[in-house]
Amino acid sequence: MKRLAIVYQPRLREHDFGPGHPVRARERLEGFYRALQESGLLESPEVSLLSPEEPIAEEDILAVHDRSLVELIQRLSREGGVLDGDTPVPPGTYERTRLQAGGFLAAALGVASGQFQRAAQMPAFGGHHAMRRHGPVTFGFCYFNQEAMVIRHLQRRGLVSRVLVLDTDCHHGNGTQDIFYEDPSVLAISLHQDPHTLYPGVSGFVDEIGEGPGRGFNANLPLPPRTGCASYLKALSEIFPPLAREFRPDVIVALLTGDTHFREPLTDFGLGVGCYPQIAGLVCQVADEVCRGRLLAVVSGGRNLEVGPVIASAIVSTLAGREGPPPQDPCGPPPAEPPGVARAVDEVVIRLKRLLSPHWACFRDT
C-alpha cells in the first residue's frame, strides 16, 4: 500500500471563470503542481500521482442532485452562460465537472480497496455550496457536490457505511449540509467564519444540528473574524476528535483549504502557513485512530496565488507523512488575534457541545 495518492488532472486547467473572477483555475493548479515538484514530494516512493480520465457517471450526479440542476448546467455548458451572480458556466463546464468528480472517485476507490491509505485532490472548482437543486442561494463557484456524489457511490457499492465529513473552508458548506441534514450515516463537521459576517450567510449557525434521523449528525463551529491559529486548533480539537472516536467512520472526507489564511482576499480569518500542517496532522492522527488511516482530502490553497501553493503543498506533505518545519510564509507572520476572539471561540465550542450532548456521550459531562 502506498501512503498517498495525489490527483492532478491537467485538463481542468482549461476551466476559465472569466476576467476579474477571483478563482483562476489554471494559475492555481499550475502553482500547486510546481510547488509539489519543488518540494520533491513527487519523487517519494510513498506517493503516486494520478491523472484519471474517467468521468463520473450521470447516475452518481442524480443520486445527489435534482435532474433540473443537471439539465440546467448541461444547457448552459454548451455555449457558456451564468448559473447565478457568483458562478459563470464557461463552455465545457459539464464535462469538466464530471472529469473532476471522476478523479476524486478514482482516488476514493483506491483508498477503499487498500491500494492507498490516503488521497488528495487539488480541484479547479469547489463543490460544497452545490445544493440538491438550484434556488435563491448562489452556488459560490460550485456546480455539483463531488464529495457527496463520491460518498453516495461508495455507500451504494457497500464499500463504506458511515462517513465523516470535515469541512475547514472559511465559508460554510451549505450544499453539503443540505444533502446530508437528515442522514445519520454521514456526520458533517464544519469550521467556518461566522455566517453573520460572510457568504453564504443563510446557514452554518451553531444550532443547526440536523433534523429527523439526522439530528445530532451536523456540527457547525461558526468562528469570529480574525480567529487565529491557536483558537482555531482549540475549536477543532475540542469537537472533531471526540465525535470521530464515538462515530467510528469507515472513512474521513476532509476539505482542507487555505482560504482561512490572513491574506485571503475574500475572508477574514487570521491563520498563517504554519497552522495548516497542524490541522492536517490532527486529521491524519484521528484517521489513523478511527478508520485505519482512510482519508480522502480535497486540498485548496485559497485564492491568494502567492501563498496558496505553499499552503496546499504543506498540507499534502503532511498527508504524505513528511515531517519537518513548516515552510516560510511569503506574506510574513499573521497579525495578533484581537482581544475577545479566544473567549468568543470558547463560547461557540461550549454551546455546540451542549446542543450535541443529548446525541453524543462524549459531550454529556460538559
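This text walks through a predicted model, from its strands to its ring pairs and then to its open and closed spaces.

Start with the strands. Strand β5 covers residues 116-121, and 6 of its 6 residues are buried. What does β5 pair with? Strand β1, residues 2-7, is joined to β5 by 5 bridges, and the two run parallel. Strand β10 also pairs with β5 in the parallel sense, over 4 bridges. Find A120 in the model. Its bridge partner in β1 is I6. Its bridge partner in β10 is A297. Follow A120 to I6, then go back and follow A120 to A297.

Now turn to the aromatic rings. The whole structure holds 9 aromatic pairs. Take F217 and W360. Their ring centres are 5.2 Å apart and their planes meet at 70°. Planes over 60 degrees apart count as edge-to-face, so this pair is edge-to-face. Where do the two residues sit along the chain? F217 is in the loop between β7 (186-193) and β8 (218-223). W360 is in the segment after α10 (341-356). They are 143 residues apart, so the pair links distant parts of the chain. Both F217 and W360 are buried.

Next, look at Y232 and F269. This aromatic pair is edge-to-face too, with 6.1 Å from centre to centre and 80° between the planes. Y232 belongs to helix α7, residues 229-247. F269 lies in the loop between β9 and α8 (275-290). Again the pair links distant parts of the chain, here 37 residues apart. Are these two residues buried or exposed? Buried means under 20% relative accessible area. Y232 has 0%, so Y232 is buried. F269 also has 0%, so F269 counts as buried. Rings can also join in groups. F17, F125, F141 and Y143 are linked into a cluster by ring pairs.

Now for the pockets. The largest pocket holds about 390 Å³ of space. Its lining has 28 residues. Which of them lie nearest its centre? They are G126, H128, G140, D169 and R303. Several elements help to line this pocket. Helix α5 (146-156) and the strands β9 (251-257) and β10 (295-300) each supply at least two residues. You met β10 earlier, as a partner of β5. By class, the lining of the largest pocket divides into 11 nonpolar, 11 polar and 6 charged residues.

The second largest pocket holds about 290 Å³. It is lined by 14 residues, and S317, R322, G324, P325 and P326 are the closest to its centre. Which helix gives the most to this lining? It is α9, residues 308-319, with 5 residues. The lining of the second largest pocket has 6 nonpolar, 6 polar and 2 charged residues.

Last come the cavities. How many of 30 Å³ or more are there? The count is 5. The largest cavity has a volume of about 80 Å³. Among the residues that line it are V165, D167, H172, T176, S190 and N220. β6 (163-167), α6 (174-180), β7 and β8 are the elements that give two or more residues to this lining. Strands β7 and β8 are familiar, for F217 sits in the loop between them. The lining of the largest cavity has 4 nonpolar, 7 polar and 1 charged residues.

Conventions. Residues are numbered from 1 along each chain as its sequence is written. This is a predicted model: local features need pLDDT of at least 70, side-chain atom pairs count only at pLDDT 80 or more; totals for chains, interfaces and linings use all residues. Side-chain values use heavy atoms; hydrogens and water are left out. On a 1 Å grid over the protein atoms alone, a cavity is a set of points where a 1.4 Å probe fits but cannot get out, and a pocket is an open set with protein on both sides within 12 Å along at least five of seven lines; lining residues have an atom within 4 Å of a point. Grid points are joined across faces, edges and corners, and a volume is the space filled by probe spheres set on the points. Ala, Val, Leu, Ile, Met, Phe, Trp, Tyr, Cys and Pro count as nonpolar, Asp, Glu, Lys and Arg as charged, and the others, Gly among them, as polar. Rings of Phe, Tyr and Trp (its six-membered ring) pair if their centres lie within 6.5 Å; planes under 30 degrees apart count as stacked, over 60 as edge-to-face and the rest as tilted. Buried means under 20% relative accessible area, exposed over 50%, partly exposed in between (1.4 Å probe, protein chains only). Two strands pair if DSSP finds at least two bridges between them.
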